[in-house]
Amino acid sequence: MTHSSPFDPPESLNELEDHDLDALMADLVAEINDVEESMTITGKGGTAKPHAEPAGLPFPPPPSSHSAPQPTPLNVVQNSLGAAKVPSPELPPPPEPPKQLLPEDIEAQAKADKIKLALEKLKEAKVKKSWVASDRSLSSSWWPQLVVKVIMNDGSSKTLMVDERQIVRDVLDNMFEKTHCDCNVDWCLIETNPELNIERGFEDHENLVEPLSAWTRDSENQIYFLERIDKYAIFKNPQNFYLWKKDKKSLQDMKDKDKELLLQENFCGSSIIVPDLEGVLHLKEDGKKSWKQRYFLLRASGIYYVPKGKTKTSRDLVCFVQFDNVNVYYGKEFKSKYKAPTDFCFVLKHPQIQKESQYIKYLCCDDAWTMTLWVTGIRIAKVGRTLPFDSSFRELGS
Amino acid sequence: MAVWDLTVAVEELGPEAPPLSISVTSDLHIGGVILKIVEKTQMKKDWSDHALWWEQKQQWLLRPAWTLDKCGIHADARLTFTPQHKPLRLGLPNGMTVRLRACFSGPTFRTVMGICKLLSMRHPEELSLLRPVEEKKKKKDKEAQEEVYDLTGVPLTSGSVPNLYNGMPAHFADSPQTEAVYKMLSISQPPPAPEVIAKMYRPASVVDKAHIHSRWLDSSRSLMQQGIQENDRLWLRFKYYTFHELEPKYDAVRLTQLYEQARWAILLEDIDCTEEEMMLFGALQYHINKVSQSEPQAMMSCPAMDDLDSALQSLEVKMEGESSSMDMLETMTTAPELHDYLKIFRPKRLTLKGYKQYWFVFKDASISYFKSKEEGFGEPIQKMDLKGCEVAGDVNVAGQKFCIKLLIPSPEGMNEVYLRCENEQQYSRWMAACRLAAKGKSLADSSFSSEVKNIQAFLSMQHSNPGAASAQNDENINTHSLVSPRYHKKYKPKQLTPRILEAYQNVAQLSLTDAILRFLQIWQALPDFGVSFFVVRFKGSRKDEVLGIAPNRLIRIDLGVGDVVKTWRYNNMRQWNVNWDIRQVAIEFDGNVNIAFGCVTADCKIVHEYIGGYIFMSTRSREQSDTLNEELFHKLTGGHEAL
């Protein structure tokens, strides 16, 4: 789990501001040492220790939304300083190419990467500050509660403190400590939206507080802690996704060596390759109860469909949706809710949308496997590069 | 032993001179023959590169210890004593031509190794030479003599790793001319004029695409053996689409040329993509061109630059950005804000019909609007948080229309909002602010001013009226230069501009190297990437079909429908062989799957070499990335002509 390499907190605003180049360079050296440390940890394949529970709220209490305060300038500076000084776990370093950790890496490469990482960290510190500063005025969208209730599969629940900087992987590790589950890779946090009858498993690298802040005040949304074999099925049996056109028999008998080759080809090259899915899906027409069939194709750049009377050559395809601003959700019981042809539905929508809207795209598949193919394919297209291929696959292999 | 006369032509004696006649015996070895020739010419010069070429048999006599008898040479043989290295005009992936000395006597594989070493490109095994497509010679065009970069004077270095000097391989640092060549090799070319793209040959079908592959030279034979003459023109292209360990630090030329080949593949529709992808490719080309022109010093082609140097440089840049935003924070009273009278239109709201004017204030990442400037300190009519929103422009400079279309997410859905600005300056600032806010950045972000400039640069593209089109400067590119001719017909340049600008937002902050890598990534993610087509006739089939050869698989494509019928992966391949008598390739896969086909559009040696080549590429490993197993390559690709 290379994802939780801890870093020291960034310098406070004041200190950074007074730095001259020399001091920054001194920092840089320190950063490099940090990186070196964390790299040795990950290099040994050990798990980085989860950070300590934050004592108290790691940032100032949010202003109440009703008064909508216009903070005085002084206030803002104090607040942001306060926030920046509180130790909080950093985002993980940007995903490194898997080759990074191989022992035969040349030294020069490692050095260059370290410096790059260190610089990135400095930049990150900056980003964080401006984020804190700008958030003062976004009080209406600010979610005050960082106490998250997570529901277990037996219906009981656990209450967690979630830090604004924590990613889902951190929270999962937290849950592993609090529960007696087997800690396998299939465990995930799932967001449900009862109003739309949809759910989505968070990706491990996602920030958790951000999607929660999109919930409305009266939201009935929940977070579940469940095992989902779909989560990393792509790494366990890549052939089912990349060679879905082949007959089932040959896929079942696939040798591990061939599986690994598939993963190498699709995840370890300079470009993530998205499974070439295509086929007829049912699309719920905007604002109507009816569903119509279209021939859809998945590409790295989005989902496309073949317009009437055209062939499926690339240049004729019409873009249905691109993935920058949408997430993919599983739909539940859409047959009764939306008169869908089957219950194997998925939904694409902006994470902020919480209620029924013409901006939600509803798609329906003929069977469960087709649905899994599409949802997984879309996930790869959207976040393929950040899927923890290396770490989870090694775990699975061992 | 009988003495007989051997005739040998020597070019150095002049074109009019009769061939030399030397007295030999059949047990004289080739080395001895050469000695006699040199003596007879009575010329003092370095003959070490010269060798004997046997005209009738089209072969070199490269073994000095072999006797004439062993070579099978008799009195009727016409031999030429000629240099093994000759000048060649080489068309590069970027469309430029470089003249250099290439080996005409070794296998083409080794010739390419030599060329790549000279051009300082790693992994020559991925490239090869092919005969160019004949250009339709119009008389007018002939006047425009192409610019040729000359490298024939550069000595072939013997060292394995080229020494660096002034940030370039030492052999380029000799003269301003060679430095210019290196610049041409390592910096991408400006976008071509739309007419140039339109004039170039574009494959219209998969069969057209197949024909190009009949032009590849045979890697196991020499240039001379394949009829290539001194000063002939050949193309150097990446042939195998598996790019081993692309490393910007060492691969300045390789990356640039790869980018150029990819760019032309897109522009000439050699590989298909969707409209959205084309816009992104266009945006990346625009950006790459802009960055490589504005910062030629900081380009990736400075492999000599020490890590720490570059780190320091970036640090300085960071500090500048840092301090400016710090100032902003300290003096919040002068916090960046935009305020203007703008017009707003909300299609969803029944209460507002058409555009209505309000006093708008943009602060941090949200827009508030008020009845008038005077009421600007009270409660706004509405405040819109732009984080996560979608921003699009709707601009017509000639029509003085400057609209910003916002899709603002809310729990209920997306709210459509149109803002109308008065003029370009206002539009650029508000647009830039919206773009930043959508990404969760505030106005205080240091990228604000560069964002404004980007938008202005794009708007200026719309200024170019048809009359002044020829007077384009670098800042002012015709957007038709960035997309394939299909879109020249579909859209006017000013219609393309906002589309490309939209895509540009997501790439505008990339460094030159990152932008090139991104371009290559998107290219590599296209479904048809890396597939080379051949028209073949499968055994037992009566119609022509298409065989696609990709880095990891073979594809059978129905010519009528264009659909993929079948895919075979190399890792399931047991063996493949060629029946050279009937020119048929036969392949056996796991599970007793056998296929066989004859080749229609290309010689079956080319198909055989392509498949064997990809098998070879897959044997490369990280550990021995700098040693090239030439013998294995020939073993896998050579066929019966193998060494």
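**Cysteines, sheets and cores in chains A and B**

User: At what distance from the sulfur of A:Cys345 does the closest cysteine sulfur lie?

Analyst: The closest cysteine sulfur belongs to A:Cys364 and is too far away for a bond, a disulfide being a pair of cysteine sulfur atoms within 2.5 Å. A:Cys345 itself is buried, with a relative accessible area of 0%, where buried means under 20%, exposed over 50% and partly exposed in between, for a 1.4 Å probe and protein chains only. The sulfur-to-sulfur distance from A:Cys345 to A:Cys364 is 3.7 Å.

User: What kind of model is this, and how are its parts numbered and filtered?

Analyst: Residues are numbered from 1 along each chain as its sequence is written, while chains are lettered from A and ligands numbered from 1 in the order in which they are written. Side-chain values use heavy atoms, with hydrogens and water left out, and local features need pLDDT of at least 70, side-chain atom pairs count only at pLDDT 80 or more, and totals for chains, interfaces and linings use all residues, since the model is predicted.

User: How many disulfides does the structure hold over all chains?

Analyst: In chain B, the cysteine sulfur closest to that of B:Cys604 is in B:Cys599, and at 5.3 Å it is too far for a bond. B:Cys604 is buried, at 3% relative accessibility. Over all chains, the number of disulfides is zero.

User: Which strands stand at the edges of the open sheet of twelve strands in chain A?

Analyst: Helices (H or I, at least four residues) and strands (E, at least two) are DSSP runs numbered from the N terminus, and two strands pair if DSSP finds at least two bridges between them. With mixed pairing, the sheet in chain A follows the order β2-β1-β5-β3-β4-β10-β11-β12-β6-β7-β8-β9. Two of these strands have a single partner strand each, so one side of each is left without a neighbour in the sheet; they are β2 (157-161) and β9 (318-321) of chain A.

User: In strand β7 of chain A, which residue stands opposite A:Leu281?

Analyst: Strands β6 (residues 278-284) and β7 (residues 291-299) of chain A pair in the antiparallel sense, over seven bridges. Opposite A:Leu281 stands A:Arg294.

User: At about what angle does helix α12 of chain A run to β10(A)?

Analyst: Helix α12 (residues 368-383) of chain A lies across β6, β7, β8 (302-305), β10 (327-331) and β11 (345-349) of that chain, contact meaning heavy atoms within 4.5 Å. Axes are lines fitted to C-alpha atoms, for helices over the stretch in contact, and angles run from 0 to 180 degrees between N-to-C directions. The angle between α12 and β10(A) is about 165 degrees.

User: Which helix gives the largest share of the largest nonpolar core?

Analyst: A nonpolar core is a set of buried Ala, Val, Leu, Ile, Met, Phe, Trp, Tyr and Cys residues joined through side-chain atoms within 4.5 Å. The largest one has 116 residues, of which B:Leu90, B:Trp523, B:Ile549, B:Ile587 and B:Phe597 touch the most other members. Its largest share, nine residues, comes from chain B and its helix α16 (residues 604-618).

User: Which backbone oxygen does the side chain of B:His171 reach?

Analyst: B:His171 is found in the loop between β11 (168-169) and α5 (176-186) of chain B, and it counts as buried at 7% relative accessibility. Its side chain reaches, at 2.7 Å, the backbone oxygen of B:Leu118.

User: Is A:Cys183, with its positive phi, buried or partly exposed?

Analyst: Most residues other than glycine have a negative phi. A:Cys183, although not a glycine, has a positive phi of about 60 degrees, and its place is in the loop between α5 (168-178) and β3 (187-193) of chain A. At 37% relative accessibility, A:Cys183 counts as partly exposed.

User: In β19(B), which residue is the bridge partner of B:Ser410?

Analyst: Seven strands of chain B form an open sheet with antiparallel pairing, in the order β16-β15-β14-β13-β19-β18-β17. Within chain B, strand β18 (residues 401-410) and strand β19 (residues 413-421) pair over nine bridges. The bridge partner of B:Ser410 is B:Gly413.

How values were computed. Polar contact = N/O pair within 3.5 Å; in protein donor to acceptor, adjacent residues only side chain to side chain.
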